[in-house]
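Subject: The structure we talked about

Hi there,

Here is the structure I promised to pass on, with my notes underneath. Have a look at it first, then read on whenever you have a moment.

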Amino acid sequence: GIDGELTATLKVDHVTSTGNTSQRGRVIIGQIHAKDDEPARLYYRLLPGHTKGSIYLAHEPGNGNSEQWYNMIGDRSSSASEPSDGIEIGEVFSYSIKVTGNTLTVTIKRDGKADVVQTVDMSNSGYHDGSDQYMYFKAGVYNQNNSGDADDYVQATFYSLSNTHDGYNY
């Protein structure tokens, strides 16, 4: 299938603090895999010395075009200032990653705060062109630091998780 929606409520419990500056503190918390590429990767990142982390989205077109990056809360840069409205370790929040046709919509929800929404037009991304592409929605914690100490880790707690795909609920 192609279209679907992944929703999750979670908190990030721990991120890496060792290794290369460009890799510290970042973890993928939700994503969509396609045949060879990733239409969406949702990152949480807490930089050393910060108490509030950022959330950003990567969209990798399936046709060889350049990867696209979208800051949603804070900034993905390794030297970014602490986001004033960032998400702390242990803070519960929710996200939705939804694909309908050529529209990818990612929404971050937090109690007492306005939703943060990022929409990506995937018309030129090669996913709805009649090819054998598919979209496999995944949630979890995917450590994005392969330069840290062997005992450094990432951890999150998921409170709810739902995937609706082609009319089916999982």
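To begin with a small puzzle: is His128 buried, partly exposed or exposed? Please keep in mind that this is a predicted model. His128 has a relative accessible area of 33%, which makes this residue partly exposed.

You will find His128 in the loop between E9 and strand E10, the latter covering residues 136-143. Setting aside residues up to four places away in sequence, His128 touches Ile2, Asp3, Val99, Gly101, Asn102, Met122 and Met135. Asp3 is an interesting one to pick out: 125 residues separate it from His128 along the chain, yet their C-alpha atoms are 9.5 Å apart.

**Another histidine**

His59 makes a nice contrast. This residue belongs to strand E4, and its relative accessibility of 0% means that it counts as buried. The side chain of His59 is joined to that of Ser125 by a polar contact of 2.7 Å. Leaving out neighbours within four places in sequence, the residues in contact with His59 are Glu38, Pro39, Glu67, Gln68, Tyr70, Leu104, Val120, Met122, Ser125 and Tyr127. Met122 therefore is one to click on twice, as it appears in the contacts of His59 and also in those of His128.

**The aromatic rings**

There are three aromatic pairs in the structure. In one of them, the ring centres of Tyr43 and Tyr56 lie 4.7 Å apart with the planes at 10 degrees; planes under 30 degrees apart count as stacked, so this pair is stacked. The two tyrosines come from distant parts of the chain, 13 residues apart: Tyr43 is in strand E3 (residues 40-45) and Tyr56 in strand E4 (residues 52-59). Tyr43 is buried, at 3% relative accessible area, and Tyr56 is buried too, at 2%.

Tyr43 also pairs with Trp69: here the centres are 5.8 Å apart and the planes stand at 45 degrees, so the pair is tilted. This pair again links distant parts of the chain, with Tyr43 in strand E3 and Trp69 in strand E5 (residues 68-73), 26 residues apart. Through these ring pairs Tyr43, Tyr56 and Trp69 form a cluster. Trp69 is partly exposed, with a relative accessibility of 31%. Arg76 lies over the face of Trp69, at 3.9 Å from the ring centre.

**Strand E7 and its partners**

Which strand is largely enclosed by the rest of the structure? That is E7 (residues 93-100), because six of its eight residues are buried. E7 runs antiparallel to strand E1 (residues 4-14), and seven bridges join the two. Along this pairing, Glu5 stands opposite Lys98, and Thr9 has Ser94 as its bridge partner.

E7 also pairs with strand E8 (residues 103-109), again in the antiparallel sense and over seven bridges. Here Thr100 stands opposite Thr103. The hairpin of E7 and E8 has two residues between the strands, and Gly101 takes a positive phi near 60 degrees there. Gly101 is also one of the residues that His128 touches.

E1 has a further antiparallel partner in strand E11 (residues 155-165), with ten bridges between them. In that pairing, Ala8 faces Leu161 as its opposite residue.

**The nonpolar core**

The largest nonpolar core has 35 residues, and Ile29, Leu104 and Ile108 have the most contacts inside it. At least two residues of this core come from each of E1, strand E2 (26-33), E3, E4, E5, E7, E8 and strand E9 (116-121). If you would like a starting point for browsing, try Ile29: apart from residues up to four places away in sequence, it touches Leu10, Val12, Leu42, Tyr44, Ile55, Phe93, Tyr95, Ala139, Gly140 and Phe158. Leu104 deserves a click as well, since this residue is both among those with the most contacts inside the core and in contact with His59.

Happy browsing, and do write back with any questions.

Best wishes

Definitions and conventions. Residues are numbered from 1 along each chain as its sequence is written. This is a predicted model: local features need pLDDT of at least 70, side-chain atom pairs count only at pLDDT 80 or more; totals for chains, interfaces and linings use all residues. Side-chain values use heavy atoms; hydrogens and water are left out. Rings of Phe, Tyr and Trp (its six-membered ring) pair if their centres lie within 6.5 Å; planes under 30 degrees apart count as stacked, over 60 as edge-to-face and the rest as tilted. Helices (H or I, at least four residues) and strands (E, at least two) are DSSP runs, numbered from the N terminus. Buried means under 20% relative accessible area, exposed over 50%, partly exposed in between (1.4 Å probe, protein chains only). A charge sits over a ring if NZ of Lys or CZ of Arg is within 6 Å of the ring centre and within 35 degrees of the ring normal. A polar contact is a pair of N or O atoms within 3.5 Å; within protein, one must be able to donate a hydrogen and the other to accept it, and residues adjacent in sequence count only if both atoms are side-chain atoms. Contact means heavy atoms within 4.5 Å. Two strands pair if DSSP finds at least two bridges between them. A nonpolar core is a set of buried Ala, Val, Leu, Ile, Met, Phe, Trp, Tyr and Cys residues joined through side-chain atoms within 4.5 Å.
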